[in-house]
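Hi there,

Here is the structure I promised to pass on to you. Have a look at it first, and then read on for what turned up.

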Amino acid sequence: MTIEFNEPLIAAMVSAGMGISFLLADPRTPTSRALSIGLLCAAASIVCNTTLIRGVPIEELPWYAGWLAVFEVGGFVAVYQWILYLRQTIPAENLQTRFGDNLLRFAQLLVIVYGVECVLWPELRALYFQNALVAGGGKPAAQFYLFALPLEVSMMLAAGAAGLLLRRKPDRAERRRLISVMLATPLIAAGLVLDANLAAPVTVFGMMVLLVGAIQYHVLQGQRSQFIGRFLSPQVEKLVRRQGLARAMQQDTRDISVICCDIRGFTAISALLPSDQILELLRAFYDAIGEVTTEFGATIKDYAGDGVLILLGAPIPCEDAREKAVRLAARLHVAVAPVLAHWSGHGVNLGFGVGVASGLVTVGVIGGARLEYVAVGPTVNLASRLCDHAGAGETLADASTVDAVGGLVQAEQGALLRFKGFPEPVRPYLVQPALAASAAVGAS
């Protein structure tokens, strides 16, 4: 069989290229994977219809002619599944989303009905459906609608579900791609029924419409990745890719643990060392903190000079946040000690103090052009105050944290302290880092 390098095959190459590009550019996102599958199926459908059965006399159709529609069915089902995935990334709040989801599932069912019809009546499909609409031609035969109606109704249902989705204000990047898909799908689908002279250019035009939306999507995703990669942990990045930024980072009040830590003697050493050496010290310090934070699945909320604020339980939920917080604090002491020992000198011995507090905290994303993940509440302030009072090599924790870890660590009760912003005195607990580290090893 000789395959001519014609316009339909060029359309198939464009579709396949876009599908592969989407998959390579964003392989971890379910929405991108589904859309990639849809484009690859569209490419396979174009190739099969133009090289295997288009132009073949009805009496000479191969036995598998009807089964080739599986690629068309797969393409539509994948695109509709993409819209379903996209709907799942948006917080439902008080809205009833079942109706829109059911529209898409029914649309997928109608496409499968179309596929079954193609398998049962391949001759009717080839004679009355494929290549049925010719420029200036007459009204299609009644058999045309046997195949056209399930596809048309499915596309209308999907368009309705997509319209409902747009009203819920989806993620900005996905919204651009959704609009482009809504505009491109009818054009790409038209390639199934248009005359060969029209099918290829109309299909390619639909691909170009989709490509414009895809480029906007990836530009916005790249800008977002800079934010995610700089401020949030890899676990958070995975959550955002799976659920979308709006859902993963929506404002919420959670019971979490907050770890605040900083260097003792940093102000003194800063006055003695050149600025470039201070930056080297901070880089090594931040690297050590980052490794431990990633190890425990925590999130670094803030870097502030020699201080770091870490969250356990947000945005990634954590059932045993208090126990992990104590273990994390102990690991921080171990990881940071060599760095501080290396940079101690000039009469200054650098130390490291940690404060841990647990309780309700309001978390969420704020900002316009520049986004920032924030954590607000007395628990955050308490962790900071405890850190300020912790001496070199010490971890001070609040009662809520110590009560939860029970006999895992030894905690020495301290004297009541009055902190600014707290009407009642607070009793700190000195957690022994060595014992906490032993508990960490035993629990791992």
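Below is a short tour, from the whole chain down to two single residues.

Please keep in mind that this is a predicted model. The chain has 444 residues, and 49% of them count as buried. It contains 16 helices and 8 strands. If you take the contacts between residues at least 6 apart in sequence, 72% of them join residues at least 24 apart. The surface that the chain exposes comes to about 21300 Å², with carbon and sulfur atoms supplying 59% of that area.

Now for the inside. The largest nonpolar core is made of 42 residues, and I259, I289, I310, L328, L332 and F352 have the most contacts within it. Several elements give two or more residues to this core, among them strand β1 (252-264), helix α12 (275-295) and strand β4 (351-366). The biggest contribution comes from α13, with 10 residues. For a closer view, pick I289: leaving out residues up to four places away in sequence, I289 touches C261, I300, V308, I310, L332, V336 and F352. There is also a second, separate core of 39 residues, which includes V73, L157, L165 and M207.

One more residue to find on your screen is R254, which sits in strand β1. Its side chain makes a polar contact with the side chain of D252, at 3.2 Å. Beyond its neighbours within four places in sequence, R254 is in contact with a number of residues, including G313, P315, G359 and V363.

Enjoy exploring!

Best wishes

Note on methods:
Residues are numbered from 1 along each chain as its sequence is written. This is a predicted model: local features need pLDDT of at least 70, side-chain atom pairs count only at pLDDT 80 or more; totals for chains, interfaces and linings use all residues. Side-chain values use heavy atoms; hydrogens and water are left out. A nonpolar core is a set of buried Ala, Val, Leu, Ile, Met, Phe, Trp, Tyr and Cys residues joined through side-chain atoms within 4.5 Å. Buried means under 20% relative accessible area, exposed over 50%, partly exposed in between (1.4 Å probe, protein chains only). Helices (H or I, at least four residues) and strands (E, at least two) are DSSP runs, numbered from the N terminus. Contact means heavy atoms within 4.5 Å. A polar contact is a pair of N or O atoms within 3.5 Å; within protein, one must be able to donate a hydrogen and the other to accept it, and residues adjacent in sequence count only if both atoms are side-chain atoms. Accessible areas come from the Shrake-Rupley method with a 1.4 Å probe; for residues, only the protein chains shown count as cover.
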